[in-house]
Amino acid sequence: MSYSKVIPALARVKPGQLFGSRLRSTAASTQHKELKTEDRLDPSCTIVEKPCDVDLISGKAHTDNQKISVDFDNTQEAYKSKDTLELLRSLLVFKLCTFDFLVDKNKELMDLSKKVFGQRLFEKLMKMTFYGQFVAGEDQNAIKPLIEKNQAFGVGSVLDYSVEEDLTQEEAEKKEMDSCVSEAEKESHGMDHREKKYKAHRQFGDRRGGVISARTYFYADEAKCDHHMETFINCIKASAGSSVDGFSAIKMTALGRPQFLLQFSEVLVKWRRFFNLLAAHQGKDGMAILEQKLELQQLQDSLIKLGVGAKSDVENWFTGEKLGSSGTIDLLDWNSLINDRTKISNLLVIPNMESGHLEPLLSKFTDEEEKQMKRMLQRMDVLAKHAVENGVRLMVDAEQTYFQPAISRLTLEMQRIFNREKPNIFNTYQCYLKEAYNNVSVDVELSRREGWYFGAKLVRGAYMSQERSRAAEIGYEDPINPDYEATNRMYHKCLEYILEEINLNRMANVMVASHNEDTVKFTLEKMNEMSLCPTENKVYFGQLLGMCDQISFPLGQAGFPVYKYVPYGPVNEVIPYLSRRAQENRGFMKGSKRERSLLWKEIQRRLFNGQLLYRPAY
């Protein structure tokens, strides 16, 4: 069965293999330099040289080398989509987010308000403040006016149905332990060979802890996962019906039992680690990951000696179309070497680092566990097909590092199938991770070799506090970069690599999902240097609804593809989301008064110019 046909095959009840076809070894076509501190932009307004023949502001064609100014200090342009009441609401909400007591007790205060004012008055109060600031509306019809207004001012939408269960910590921990521990693990009593990082731990069972900007799903049963899938389908349809070239966001943990993600992540990490061990045997452990090319004969001898396979089997893995003519094997070739298997659980085999033998990750899987793993992949296939049919791009959100290797791999499988003609599926890369650049460069190289469209969303990351605490307490290496500056460097390094790939062949695509104005300016400067035209729709920008309008709207009105993450859902059911927005804005607003000062500046401008009653025209 073909590697790239795994998900459709699963939908036909033959779960088969995820790693069947072999890859040719080719050298990476470009070398990418480290981002230096001096490469950062001056914080003043960026001037972007127009790289194409259309004036991105006026839309008029011309042939000179006119420059386009994107002015992030021009409040009239930044807030021309808002009436004055909306500006005052923003000021109020952002100010409230700076008070620690209100933020720390926001959930309790909202519950108290509901009891004091009653449900109807409480909902009106929320729509006038936090809900109105950060949520588009209650359902698909209610969100259309806001989406259409943003579209008229050059800003698209990434729809995100933000309803979550309101669970207690104890309930969340129980659900997590029930859904992440297999029957075999329960019987082994800790005597298996599983790594601590990829096992469930009750003290971190509530995955909401320390997370302020991401939805969290807990597994209940297969019917609940089907319900989540239907919700995502409705979100895809809503995106198709309300905007052009829209995005829709999904989370993999909503689509199945997370036990499979934990186990598959451990398998993928151990296979890569085994490759690193073999590279070290050949004296290549200090090289860049895609430059580690193992000599074929030495590799075969090592595998045979370690007992990984018989001589004839090992030789067959690396012949003909499976290798090409280079005589070497790199990480991408290595990733394709898991054999065809008839059951998904048979994918979960790992190399024993001491003996080299392939061993099952767990001693057994029940029939129900096998079916649950298959259903998760089937749901992914259904969503991808709906997205393609409706002309909507699907954005797979990143999650915790103990789930992420599997999430990225499964997203990559969707890209190989559905990104042949255009970028329909986007993966998310968290740049606060030490391995972010390696992950980006390996996936870009795979897309280049196989000729499909690479799609990425770059974020800094949403789980830092939780990841650090878990690593320290359980006892494994902290996966997070040491400080914010290191994360910024990593973000810019990954971004520059993708921009260079776009410049080379126009088949890579990236969303710069950032509220950091310097990062946006860095992107514009690099686009200018590489003559990347905004109207090619290869580089997108993304911010959350209700935040950083002074970045989003000037970009959109200058012709750059920019999108707001647009949450929606009933008031009561998005309260967990609103609670996190308040927490996130506390740090955001304390760290910078810029957005509030720009809001005040625009209100004062309207006051002095007699425009307090200004209404957006579109």
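Reader: In this predicted model, is Glu517 buried or exposed?

Author: Glu517 is buried, because its relative accessible area is 14% and the cut-off for a buried residue is under 20%. The side chain of Glu517 meets that of Arg594 in a salt bridge, with 2.9 Å from N to O. This pair links distant parts of the chain: Glu517 belongs to helix H20 (residues 517-530), Arg594 belongs to helix H23 (residues 594-608), and their positions lie 77 residues apart in the numbering. Arg594 counts as partly exposed, because its relative accessibility is 26%.

Reader: Which residue forms a salt bridge with Lys526?

Author: The partner of Lys526 is Glu529, and their closest N and O atoms are 3.5 Å apart. The two residues stand three apart in helix H20, which means that about one helical turn separates them. Lys526 counts as buried, because its relative accessibility is 10%.

Reader: How many salt bridges does a search of the whole structure find?

Author: The search finds 34 salt bridges. One of them joins Asp397 to Lys457, with 3.2 Å between the closest N and O atoms. Here too, distant parts of the chain are linked: Asp397 is in the loop between strand S9 (393-396) and helix H16 (404-418), whereas Lys457 is in strand S11 (residues 454-459), 60 residues apart. Asp397 and Lys457 are both buried.

Reader: Which residues are joined into one network by salt bridges that share partners?

Author: The network consists of Lys293, Asp330, Glu445, Arg448, Arg449 and Glu501.

Reader: I should next like to understand empty space inside a protein. What does rolling a probe over the atoms show?

Author: A probe the size of a water molecule, rolled over the atoms, shows where empty space is left. In this structure there are six cavities of 30 Å³ or more. The largest cavity has a volume of about 60 Å³.

Reader: Which residues line the largest cavity?

Author: Its lining is made up of Glu176, Cys180, Lys199, Ala200, His201, Phe204, Leu262, Tyr402 and Arg470. Sorted by class, the lining has five nonpolar, one polar and three charged residues.

Reader: Which residues of helix H8 are buried?

Author: The buried residues of H8 are Ala172, Glu173, Glu176, Met177, Ser179 and Cys180. Among them, Glu176 and Cys180 also line the largest cavity. Helix H8 covers residues 169-180, and its 12 residues reach 16 Å from the first C-alpha to the last, close to the 16 Å expected at 1.5 Å a residue.

Reader: Phe204 also appears in that lining. What separation do the C-alpha atoms of Ile474 and Phe204 have?

Author: Their C-alpha atoms are separated by 9.8 Å, although the two residues are 270 residues apart along the chain. Ile474 is placed in helix H18 (residues 464-474). Ile474 is buried, because its relative accessible area is 9%.

Reader: How many residues of H11 are buried?

Author: H11 is mostly covered, with 17 of its 24 residues buried. This helix takes in residues 258-281 and reaches 35 Å from its first C-alpha to its last, close to the 34 Å expected at 1.5 Å a residue. After H11 comes Gly283, which has a positive phi near 75°.

Reader: What sign of phi do most residues other than glycine have?

Author: Most residues other than glycine have a negative phi. Arg506, however, has a positive phi of about 60° although it is not a glycine. Arg506 is found in the loop between helix H19 (484-505) and strand S12 (508-513), and is partly exposed, with a relative accessible area of 27%. Asn537 is also not a glycine, and its phi is positive, about 55°. Asn537 lies in the loop between H20 and strand S13 (539-544), and is partly exposed at a relative accessible area of 36%.

Reader: Finally, what is found at the start of H3?

Author: There, a side-chain oxygen of Asp83 reaches to within 3.1 Å of the backbone nitrogen of Leu85. Helix H3 (residues 84-96) has 13 residues and spans 18 Å from first to last C-alpha, close to the 18 Å expected at 1.5 Å a residue. The buried residues in H3 are Thr84, Glu86, Leu87, Arg89, Ser90, Leu91, Val93 and Phe94.

How values were computed:
Residues numbered from 1 in each chain as written. Predicted model: local features only at pLDDT ≥ 70, side-chain atom pairs only at ≥ 80, totals over all residues. Heavy atoms only, no water. 1 Å grid on protein atoms, 1.4 Å probe; cavity = no way out; pocket = protein on both sides within 12 Å on 5 of 7 lines; lining within 4 Å. Points joined across faces, edges and corners; volume = space filled by probe spheres on them. Nonpolar A, V, L, I, M, F, W, Y, C, P; charged D, E, K, R; others polar. Helix = DSSP H or I, 4+ residues; strand = E, 2+ residues; numbered from the N terminus. Expected span 1.5 Å × (residues − 1). Buried < 20%, exposed > 50% of the residue type's maximum accessible area, 1.4 Å probe, protein only. Salt bridge = Lys/Arg side-chain N within 4 Å of Asp/Glu carboxyl O. Polar contact = N/O pair within 3.5 Å; in protein donor to acceptor, adjacent residues only side chain to side chain.
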